[in-house]
Amino acid sequence: MTPRTPHLDAVTFGEAMAMFVAEETGQLASVTHYRRALAGAEVNVAVALSRLGHRVGWLGRVGDDPLGTFAVSRIAAEKVEVGAVVADPEAPTGFQLKSRTDGQGDPLVVYYRRDSAGSRLRPSPGADARLTSARHLHMTGVFPALSAQARAFAEYSLQTARAARATISFDPNLRPSLWPDREEMAEVVNNLATRSDWVLPGLAEGELLTGRTTPRGIADFYLERGVSLVAVKLGADGAALFTRDEAWWMPAFRVTVVDTVGAGDGFAAGLISGAISGLPLPARLERAAAVGALATTSPGDMDGMPTEHALDAFLTEQRTAGHQGPERIDTGRTAPPAARQHRAAAREQTADEEETMRVLVPWPQIGELMGGWPSNLKVDLYDGEQAPPEDVSDVAFYVMPYAKGNAPRDLIPRMTGLRAVQTLSAGVEKLLPLITPGVVLSNGRGLHDASVAEHALALVLAAQRDLPRRVHDQGARRWAPHFTRSLAGTRAVIVGYGSIGAAIEQRLLACEAEVVRVASHRRPTERVHGAAELPELLPHAGIVILTLPESPATTGLMDAELLALLPDDALVVNVGRGRTLDSAALRAETTTGRLRAALDVTDPEPLPSDDPLWDCDNVLITPHVGGGSATFYPRAERFAAEQLRRFAAGRPLLNVVTTTSA
């Protein structure tokens, strides 16, 4: 421990762990080579701040062991002050195993941290000196979850920094598995968060902690309780920052994602760095988004954290490429009445100069997510259930209701002034014939990833563990145990490997399955096979999962010849489009009992009541409901809000499938 008290821009505390990152994809149990690295949310923030040129200290406790020595030396090598770190001779340094994903979904992380030295951190003169000398304290919700002693240290740190008039930021960084239950987690985390100056939740975290579902609502929960700044991280949708007087939205930077872990820590470091550097709020938000984006471009938790020079170069490059900077959210809810009147007068003054465009949307809450409807949009509602407006000829932007039959689609030909159509489905094959020259069509790519992946996993597990038979037994009040197949150790071939396929893979790997990726063309650097290789891959597959869109190239792709290559008792799962699987060939293979199937989509749909597939005990059928889960609507609403925001501002839309020329 150094006798001199350092003068720090920022200090943080937490658990430092050794991390072993898989060098190849696949199940962690089968990986033979790992790369050693450093992990810990608070350590990530400290390293990021140091690389940005700030004086930062880290408080922690490690085991008096080789991993502890490695952790402290690695942190110190990043020029982070570690003079108050303690080596504990009675408890080990925690560590973790992390899978390799190559940018396809979030990695699997397995922790070994129970009763670690890090959870035994306690107050000390060295810690007290650093907490009272730093301008800013950063805390997360990870550390107080580790133990009662860790929770006591978090409380001590907050009170000490508050007494020293430091600003305090708090990232919930929720780890539900570390808490006895979610109620206690929310109570403890909110108790710390509401006594901080800044709170930095992700959208899902904010919903869990506050019960509110919008960024504005989440922010208000904390602002009403004395917090001065709330930054809500929205993932691919960027981030929103709120104070009592103003609100800003920052679109996400487009980067090649390698590993998402560390993005939130980078965001926190960027926001703190901007405050230390005296930047205005929008510039702080932009810096936070940039550091968070760069953190995802490397496989280690902190490898992608940029230096100040690299950050400046990245921002210059992005601005040159036309990336949109922060945009003010004009909510009209936090500004004083005089300011609202001034804005209203300004809108009235410019209304005659703006082209007013009519938009048709399914949900009124889209406007709340936008912070109020832009003044150049005239908004009408059509949810697909009530009758649409009588005259839709001048609708310029149409957000189609989801899963409401053919009526929303049949409305399109009546929209003679249409400029853009936003479908919330991933597939667009039935819309393409209706899109006239000059109209932009965007799909809902990414909105269904989690829902469809969950459903695919449910179908696989139900089939492998023979759950339909269990249901029948329960109905007959029959207790008939028997051994079943397993997902663990089974090779699953995903045909149509895109964002949904990657989400399915993540869940399969968590169940210890072996995954083979297949797309239309080979992508060797991503370990993706081409469809032409299916004849060599299918004979070794226990499960094949189709996530294909419908197109001339994919219609009937999984035909009788390919099905015949599958081994006996293999499972065919289809959560893509029904016509990509040869229905006649599937009937032939399943009615004889040679293959099994689990289908969320069929050809035709609905499946006729006299189709032989209904009578097959080895076939599980659900009525095209893979995308229909609670995760869909909040994501769809946020995405629709972003598309309308872009449309109103004349900016390019996202997820454009086709732009037909006049």
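This passage describes a four-stranded sheet, one helix with its partners, and the charged and aromatic pairs found in a predicted model.

The sheet is open and is built from four strands in the order E3-E2-E7-E8, with mixed pairing. Because strand E3 and strand E8 (109–112) stand at the edges and each has a single partner strand, one side of each is left without a neighbour in the sheet. From one strand to the next, the twist averages 25°. Strands of a sheet in general pair through backbone hydrogen bonds, in either a parallel or an antiparallel manner, and strand E2 shows both arrangements, since E2 runs antiparallel to E3 (residues 34–39), to which it is joined by six bridges, and parallel to E7 (residues 95–98), to which it is joined by four bridges. On the E3 side, Val 21 has Arg 35 as its bridge partner, and Phe 20 has Arg 36. On the E7 side, the bridge partner of Ala 18 is Phe 95. Strand E2 itself, which comprises residues 17–22, is mostly covered, with five of its six residues buried. Helix H2 (residues 66–77) lies across E2, E3 and E7, and runs at about 65° to E3.

Helix H20 (residues 632–649) is largely enclosed by the rest of the structure, because 14 of its 18 residues are buried. The length of H20 agrees with expectation, as its 18 residues should span 26 Å at 1.5 Å a residue and its end C-alpha atoms are 26 Å apart. Just after H20, Gly 650 takes a positive phi of about 75°.

Two side-chain pairs connect H20 to distant parts of the chain, one charged and the other aromatic. In the charged pair, the side chains of Asp 237 and Arg 638 meet in a salt bridge with an N to O distance of 3.8 Å. Asp 237 lies in the loop between strand E12 (229–233) and strand E13 (239–242), whereas Arg 638 belongs to H20, and the two residues are 401 residues apart. Arg 638 has a relative accessible area of 18% and is therefore buried, the limit for that class being under 20%.

The salt bridge to H20 belongs to a wider set, and a search of the whole structure finds 38 salt bridges. Side chains of opposite charge can pair when their charged atoms come close. In the salt bridge between Glu 429 and Arg 577, the closest N and O atoms are 2.8 Å apart. Glu 429 is in the loop between strand E19 (420–422) and strand E20 (440–442), and Arg 577 is in the loop between strand E25 (571–574) and helix H19 (583–591), so this pair ties together parts that are 148 residues apart in sequence. Glu 429 is partly exposed, at a relative accessible area of 22%, while Arg 577, at 18%, counts as buried. Elsewhere, Arg 61, Asp 88, Glu 90 and Arg 120 are joined into one network by salt bridges that share partners. A further salt bridge links Arg 225 with Glu 224, where the closest N and O atoms are 3.8 Å apart; here Arg 225 is partly exposed at 41% relative accessibility, and Glu 224 is exposed at 56%.

Aromatic side chains also come together, and the structure holds 12 aromatic pairs. One of them is formed by Phe 221 and Tyr 222 in an edge-to-face arrangement, with 4.9 Å from centre to centre and 80° between the planes. Phe 221 is buried, with a relative accessible area of 10%, and Tyr 222 is likewise buried, with a value of 0%. The aromatic pair that involves H20 is tilted, with the rings of Tyr 402 and Phe 632 lying 4.4 Å apart, centre to centre, and 40° between their planes. Tyr 402 is situated in the loop between strand E18 (395–399) and helix H13 (407–410), and is 230 residues apart from Phe 632 in H20; both residues are buried. In addition, Phe 13, Phe 143, Phe 153 and Tyr 156 form one aromatic cluster.

Phe 314, in helix H10 (residues 308–320), is buried, with a relative accessibility of 8%. When its neighbours within four places in sequence are left aside, Phe 314 is in contact with Phe 253, Val 255, Ala 290 and Leu 294. The C-alpha atom of Leu 294, a residue 20 residues apart from Phe 314 along the chain, is separated from that of Phe 314 by 8.7 Å.

Definitions and conventions. Residues are numbered from 1 along each chain as its sequence is written. This is a predicted model: local features need pLDDT of at least 70, side-chain atom pairs count only at pLDDT 80 or more; totals for chains, interfaces and linings use all residues. Side-chain values use heavy atoms; hydrogens and water are left out. Buried means under 20% relative accessible area, exposed over 50%, partly exposed in between (1.4 Å probe, protein chains only). Two strands pair if DSSP finds at least two bridges between them. A salt bridge is a side-chain nitrogen of Lys or Arg within 4 Å of a carboxyl oxygen of Asp or Glu. Axes are lines fitted to C-alpha atoms, for helices over the stretch in contact, and angles run from 0 to 180 degrees between N-to-C directions. Contact means heavy atoms within 4.5 Å. The expected span of a helix is 1.5 Å times one less than its number of residues. Rings of Phe, Tyr and Trp (its six-membered ring) pair if their centres lie within 6.5 Å; planes under 30 degrees apart count as stacked, over 60 as edge-to-face and the rest as tilted.
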